[in-house]
Amino acid sequence: MNKKELVEAIADRVGDKKTATEAVNAVLDAIQKAVAGGDKVSITGFGAFEMVHKPARSARNPSTGAEIKVAESWGPKFRPGSDFKELVNAEGKKAAKKK
């Protein structure tokens, strides 16, 4: 599901596409700004978004084997909540049985 499909799914529940688009954009913008500002965003039952530090390290170029330096960076991290994990697990089991 991409953003357009998400907006369409929400539009079915809220009534119109414009309201759904504004709602999706507002939620995503709020999460991005909070995490970029160093805050943790927890949505009960869904999961948590947070910023993580990735320290500088050495790595190898797989083609040449040469050592390269990877600079430190900061990135977003998502941890699913227990309800989300249970739903995915249950649906995964159903899909596996269909195969």
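Let's start with Ser-73, a residue that sits in strand E5, which covers residues 73-80. Keep in mind that everything here comes from a predicted model. Is Ser-73 buried or exposed? Neither label quite fits: at 31% relative accessibility, Ser-73 counts as partly exposed, because that class lies between the 20% limit for buried and the 50% limit for exposed. Now look for His-53. Along the chain, Ser-73 and His-53 are 20 residues apart, yet their C-alpha atoms are separated by 6.2 Å.

**The overall picture**

Step back and take in the whole protein. You should find three helices and five strands. Following the chain from the N terminus, the elements run α-α-β-β-β-β-β-α. So what about the overall dimensions? The C-alpha trace spans about 55 × 40 × 25 Å along its principal axes. A compact globule of 99 residues would have a radius of gyration near 13 Å, but this protein has 19 Å. As for burial, 14% of the 99 residues count as buried.

**Helix H1 and its two ends**

Helix H1 covers residues 3-14. With 12 residues, H1 reaches 16 Å from its first C-alpha to its last, close to the 16 Å expected at 1.5 Å a residue. What happens at the start of H1? There, a side-chain oxygen of Asn-2 comes to within 3.1 Å of the backbone nitrogen of Lys-4. At the other end, just after H1, Gly-15 takes a positive phi of about 115 degrees.

**The largest pocket**

Next, find the largest pocket, which has a volume of about 340 Å³. Which elements give two or more residues to its lining? They are helix H1 and helix H2, the latter being residues 17-36. H2 provides the largest share of that lining, with seven residues. Among the lining residues are Leu-6, Ile-10, Val-24, Leu-28, Phe-46 and Phe-49. Gln-32 is also part of the lining. By class, the lining has 11 nonpolar residues, one polar residue and no charged ones.

Here's a handy bit of background while you look at the helices. An α-helix has 3.6 residues a turn, so residues three or four places apart point the same way.

**Pairs along the chain and in space**

Distance along the chain and distance in space are two separate things to check. Here are four pairs to click on:

| Pair | Apart along the chain | C-alpha to C-alpha |
|---|---|---|
| Ser-73 and His-53 | 20 residues | 6.2 Å |
| Ala-34 and Phe-78 | 44 residues | 13 Å |
| Gly-92 and Lys-4 | 88 residues | 24 Å |
| Pro-55 and Ile-43 | 12 residues | 28 Å |

Some of these residues deserve a second look. Ala-34 has its place in helix H2. Why does Ala-34 count as buried? Its relative accessible area is 18%, and buried means under 20%.

Pro-55 lies in the loop between strand E2 (47-54) and strand E3 (57-60). Pro-55 counts as exposed because its relative accessibility is 52%, and the cut-off for exposed is over 50%. Ile-43, its partner in the table, belongs to the lining of the largest pocket.

Finally, where is Gly-92? This glycine lies in helix H3, made of residues 82-98. With a relative accessible area of 38%, Gly-92 is partly exposed. Lys-4, its partner in the table, is the residue whose backbone nitrogen has the Asn-2 side-chain oxygen within 3.1 Å at the start of H1.

Key: Residues numbered from 1 in each chain as written. Predicted model: local features only at pLDDT ≥ 70, side-chain atom pairs only at ≥ 80, totals over all residues. Heavy atoms only, no water. 1 Å grid on protein atoms, 1.4 Å probe; cavity = no way out; pocket = protein on both sides within 12 Å on 5 of 7 lines; lining within 4 Å. Points joined across faces, edges and corners; volume = space filled by probe spheres on them. Helix = DSSP H or I, 4+ residues; strand = E, 2+ residues; numbered from the N terminus. Nonpolar A, V, L, I, M, F, W, Y, C, P; charged D, E, K, R; others polar. Expected span 1.5 Å × (residues − 1). Polar contact = N/O pair within 3.5 Å; in protein donor to acceptor, adjacent residues only side chain to side chain. Rg over C-alpha atoms; globule rule 2.2 N^0.38 Å. Buried < 20%, exposed > 50% of the residue type's maximum accessible area, 1.4 Å probe, protein only.
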